[in-house]
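These are my notebook entries on what I looked up, written in the order in which I went through the chains.

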Amino acid sequence: MANVTTQRLVSFWVGEQIYAVPLLLVGEFGPTIQITPVDAVDERIEGIAHLRETSAVVISMRKILKATGGGQHVEDDMIYIVPHDQLCDEAKKQNLSSFIEPIVLHVDRLANIINVNPNDMHPTPSHLVEPFYQGVFEIDGRDLILLDFSKLIDCLLTQLNENPR
Amino acid sequence: MTQSTSDLQSSTSYRSFMTEPHRRFHERIVADLNGILPICNQGKCTAADISNNATEQQQITDLMHKVEQLCTHLSENVTDVFSQYYRERGRFCGAAYCTTAEIKVNLVDRTLMDRSTDVRWWAKEPILAACVGSLKKTAKSLDADFQEMAAYLEGTATSFRIPSLASSWTSIDIADRVEAISAYFGRKHELMFNPALRTEFAKTINTFLEFLKTGDGQEGTIKFATKLLKKLDGCQEHIENACRQLELIRASYPSLFDIVVTDDRGLVIANARPERRAGLLSQYVTGESWCAKALKAGSGQTQIQRATLADEDHPAIVFSTAIRDPEDRQGAVLGSINAFCDFQTEVQPLLGNYLPVDADEKTRDGWFSFFTDERGIVICSNDASAVWPGSHCDLARSHRQLTNGENCWSHSVFRGRESFVFSACASGQNTVGGSGWVSHVVAPATDIMQTDATPRRLQLGNKDLMQSKLVPEISKTTYATLQEDRKAIKLISLNGILFASQLGNRGAALAPVFDKITATGDSATSRLESLLVEMANAEISLNLSLQETLAKQAVDLIAQKVAERSQALRLWARTSCLRECLGLANEQPATDAERLLRMINDDYPVYRNFLLLGVNGEIKACSRPNRFTDKDTRCAADQVWFMKAMRSHRNSPPQITEANTRFLDDARQTSLVFAQAIRDEDNDTSPLGVLACFFDWQSEASEILHACLPKTASGRPMPGSAAFFLNREQLVLESTNPGIVKVNEVFTLPDEHYQVAENKTVSGTFLHKDATYIIASAKCEPSKNLDGMDWSAHVIRPLI
């Protein structure tokens with residue numbers, strides 16, 4: 001188990017880039033699930049998925065992150081993010097927050113679970129303008145972008161409110 | 001084509017064919033996967049250690065079970081992959097080599113048919129009919145002649161008064177001479193067929209006649225004896241003419257041991273080989289089945305059978321037919337013509353073709369190709385020292401007793417070596433009655449199952465590669481299943497690690513277990529993926545190589561067919577009737593020549609039209625005059641083929657020219673013209689004219705191309721595939737699939753395919769109308785008289 005100085009992240013591929021979210025936000029990893037499309041919403045929201053008697057909004061990370069390419073290795077993996085009230089104590093201790101409703105992140109491919117030292121995180125380079133980019137880790141010679149999940153949801157909600165369909 | 005699948009194919013354990021690298025790979029990957037099972041057990045134990053909560057324990061145990069199931073599934077999959085790979089390889093090679101066997105036997109079947117037609121044509125030669133007719137008549141009258149001559153001589157012996165001053169002969173001398181001459185009368189056939197004896201007889205009788213001339217009252221004897229000698233000389237002339245004609249035929253067909261002509265009682269009256277003549281002429285061969293059958297052959301029938309010749313190494317195939325009166329084709333049989341073909345020598349190169357060769361360009365050890373008859377007796381083989389013609393083939397009945405168009409393959413032991421045997425029976429569509437022969441290709445099992453050390457690769461990503469139509473469906477399914485399994489293991493591991501992390505410090509002991517499962521699962525599945533990709537590449541390499549063979553077979557077959565057919569023109573160009581026609585003035589009708597050309601064309605419908613042209617290119621006669629509206633004014637003087645033939649030497653083979661002209665026929669843009677100069681037989685002067693014909697290669701080419709299409713395991717042509725011939729302008733001459741490759745249109749190919757070198761093959765990918773194909777191209781070996789035919793063969797099949 002990671003000690004207090006390390007943080008566990010789950011990394012995943014979207015397009016040609018590798019991203020990560022804190023593992024403590026995750027309730028389960030799953031294969032491709034059936035998604036019920038919802039009309040008249042933002043294209044970044046793929047629809048609703050039913051997971052163990054719960055409905056969860058499925059977000060397309062390819063659309064959110066405006067990914068192109070990398071289609072060769074798409075496995076359509078899903079990351080189930082638990083609702084905020086179900087976060088474990090450890091998550092709350094680390095000031096992590098999620099959304100009030102369960103969310104499913106639809107990613108190209110799950111990569112791995114890794115331990116990182118928060119002190120090794122570099123600030124987001126200036127050309128990466130998305131507000132939900134929390135920082136960058138260098139893992140095996142590659143840049144891994146840590147996403148701030150709550151900001152990502154905020155960003156999505158703000159844009160939805162500004163441009164209602 | 002019917003696929004006859006033997007029990008062996010389904011029951012063979014393909015694991016026994018595994019190569020050493022595959023065997024090692026199999027053992028290692030199974031060991032790796034088995035190595036995960038103790039880790040799962042460790043995980044289950046850890047679950048009990050870290051939690052007293054039954055639900056938590058059950059969750060961990062369930063995850064471990066899932067991993068165990070996946071590993072077992074993967075392990076079984078690996079074993080299946082190898083089995084399926086080798087089975088598919090066997091099936092693929094089965095389809096490919098059965099095609100090769102089928103092409104060979106059908107080609108030979110066609111050769112038998114062509115040769116049968118040739119022999120029937122030779123039987124129509126007036127010189128032979130004249131010879132048989134004359135000798136029959138002479139033989140019939142000679143007995144009476146000899147009796148009459150004997151009476152004359154007897155009279156001479158008793159009544160001749162010897163002039164005393166003119167000679168020292170006594171009456172005893174005369175009696176002796178009479179007796180000596182009479183002794184010849186019992187040797188009728190020898191006198192007819194033995195030139196030395198005839199000369200001796202003539203000398204004896206002439207000396208006697210000279211003496212008789214010195215006396216009186218012997219005019220009758222002298223006159224009759226002279227007439228008798230003249231009659232015998234007439235026999236000699238007919239025999240010489242017939243033998244010369246047969247020698248001429250044999251010069252155009254070098255694979256013939258001999259050609260023997262008999263009369264209607266089986267008496268040999270002429271043959272083609274001078275060195276065998278003395279022992280053969282005047283012999284009765286009625287007891288030989290080939291002669292008996294020939295004499296019974298109906299009009300338009302040729303009998304084909306085997307015969308052993310005492311002075312030849314290999315058994316001969318005998319083509320026999322009856323000789324009838326040229327004026328009455330349905331009339332009585334005058335005699336027979338029997339062509340003895342050295343089939344082993346003729347067919348050996350064909351049998352050796354398309355078998356893999358070693359560094360010395362010799363057929364690789366253990367590879368054989370041979371034909372057998374319905375009893376399993378070898379007719380001819382690529383290696384007569386190992387598979388002897390006349391011996392039994394030692395193959396299972398299922399391989400020996402195939403019916404027309406059937407094929408089969410199986411694993412067997414041949415000549416002490418584990419081999420695969422691929423057999424195909426002639427389609428039976430080409431011969432008169434069908435030969436019923438079965439063609440076999442034998443290959444060592446190791447060669448069939450061995451993966452290419454350096455397989456040729458196409459520029460394809462793994463995903464495209466695994467979607468390729470060249471990769472067996474079973475490999476694609478396995479690849480897809482493998483991806484699923486790999487993903488499932490990863491998800492189980494990730495969820496396990498997640499679960500462990502949710503347990504906080506208690507879960508720390510579980511993390512290494514899942515890490516190990518992830519690592520081993522990843523490594524095993526990645527290696528399996530690499531194996532499948534390697535196998536797919538091997539399949540593609542094999543496909544490319546076999547497709548090249550198909551293209552090569554197609555171009556070689558058409559070249560061989562064209563060369564063979566053009567040879568017949570050489571013989572026809574020597575027909576006296578055509579020479580005579582060329583000597584006629586323009587306004588005189590060329591009835592005889594037209595009738596002859598029409599007769600040839602009726603017998604050989606592969607030619608569209610025959611033209612007899614004068615020195616200035618004017619049409620003197622043709623076999624299908626109704627195809628021209630302007631026959632009298634049409635002139636070939638400016639045609640390349642005409643000029644080439646007029647410039648050719650006395651012994652030049654017929655000139656073959658692909659002419660992009662409509663001179664001969666209005667229906668096609670291109671024509672393959674055979675042209676042979678006609679010369680005076682005795683004077684080496686410039687040509688008297690040209691005999692030309694348009695070879696109807698469409699039907700031949702179409703048949704060859706269809707035979708050379710890539711086939712599925714069930715023997716049907718691969719969907720979406722096409723085979724076609726191009727000329728040097730990339731114009732499509734013939735195609736099996738007009739939907740993709742249209743005849744008479746230019747079909748642009750990549751340079752390396754269009755410019756493939758002579759006697760070479762090349763293969764690769766090719767994009768046509770948004771579809772990717774693999775393409776193999778080939779050109780035939782350069783040949784002197786085929787320089788006007790610059791064709792290439794191409795075989796394409798969809799890749800994805």
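Entry 1. Is B:Glu237 buried or exposed? I kept in mind that the model is predicted. I counted 12 other C-beta atoms within 10 Å of B:Glu237. A residue counts as exposed if that number is 12 or fewer, so B:Glu237 is exposed. I then noted its place: B:Glu237 belongs to helix 8 of chain B, which covers residues 219-252. I also looked up its distance to B:Cys131 and found 8.7 Å between the two C-alpha atoms, although 106 residues separate them along the chain.

Entry 2. B:Cys131 came up again when I turned to B:Ile269. Which residues is B:Ile269 in contact with, leaving aside its neighbours within four places in sequence? I listed B:Cys131, B:Val132, B:Leu135, B:Ile239, B:Ala242, B:Val261, B:Thr262, B:Asp263 and B:Leu281.

Entry 3. I next looked up the largest nonpolar core and recorded 265 residues in it. B:Ile269 is among the residues with the most contacts inside this core, together with A:Ile79, B:Ala554 and B:Ile558. Helix 3 of chain B, residues 54-123, gives the most to the core, namely 27 residues. As a general remark, I wrote down that nonpolar side chains tend to be buried together in soluble globular proteins.

Entry 4. I turned to chain A and found three helices and 11 strands. Along the sequence I read the pattern β-β-β-β-β-β-α-β-α-β-β-β-β-α. The radius of gyration of chain A is 15 Å, close to the 15 Å of the globule rule for 165 residues, so chain A is as compact as a globular protein of that length. Its C-alpha trace spans about 45 × 35 × 30 Å along the principal axes. Of the 165 residues of chain A, I noted 35% as buried. I also considered the contacts in chain A between residues at least 6 apart in sequence; 60% of them join residues at least 24 apart.

Entry 5. How many residues does each chain bring to the contact between chain A and chain B? I found 14 residues from chain A and 16 residues from chain B. On the side of chain A, strand 3 (26-30) and strand 9 (109-116) are the elements that give two or more residues. Strand 3 of chain A gives the most to this side, with four residues. By type, I divided the residues of the side of chain A that touches chain B into eight nonpolar, two polar and four charged.

Definitions and conventions. Residues are numbered from 1 along each chain as its sequence is written. Chains are lettered from A and ligands numbered from 1 in the order in which they are written. This is a predicted model: local features need pLDDT of at least 70, side-chain atom pairs count only at pLDDT 80 or more; totals for chains, interfaces and linings use all residues. Two residues are in contact if their C-beta atoms, placed from the backbone, lie within 7 Å. Ala, Val, Leu, Ile, Met, Phe, Trp, Tyr, Cys and Pro count as nonpolar, Asp, Glu, Lys and Arg as charged, and the others, Gly among them, as polar. A nonpolar core is a set of buried Ala, Val, Leu, Ile, Met, Phe, Trp, Tyr and Cys residues joined through C-beta atoms within 7 Å. A residue is buried if 20 or more other C-beta atoms lie within 10 Å of its own, exposed if 12 or fewer, and partly exposed in between; C-beta atoms are placed from the backbone. The radius of gyration is taken over C-alpha atoms; the globule rule is 2.2 Å times the number of residues to the power 0.38.
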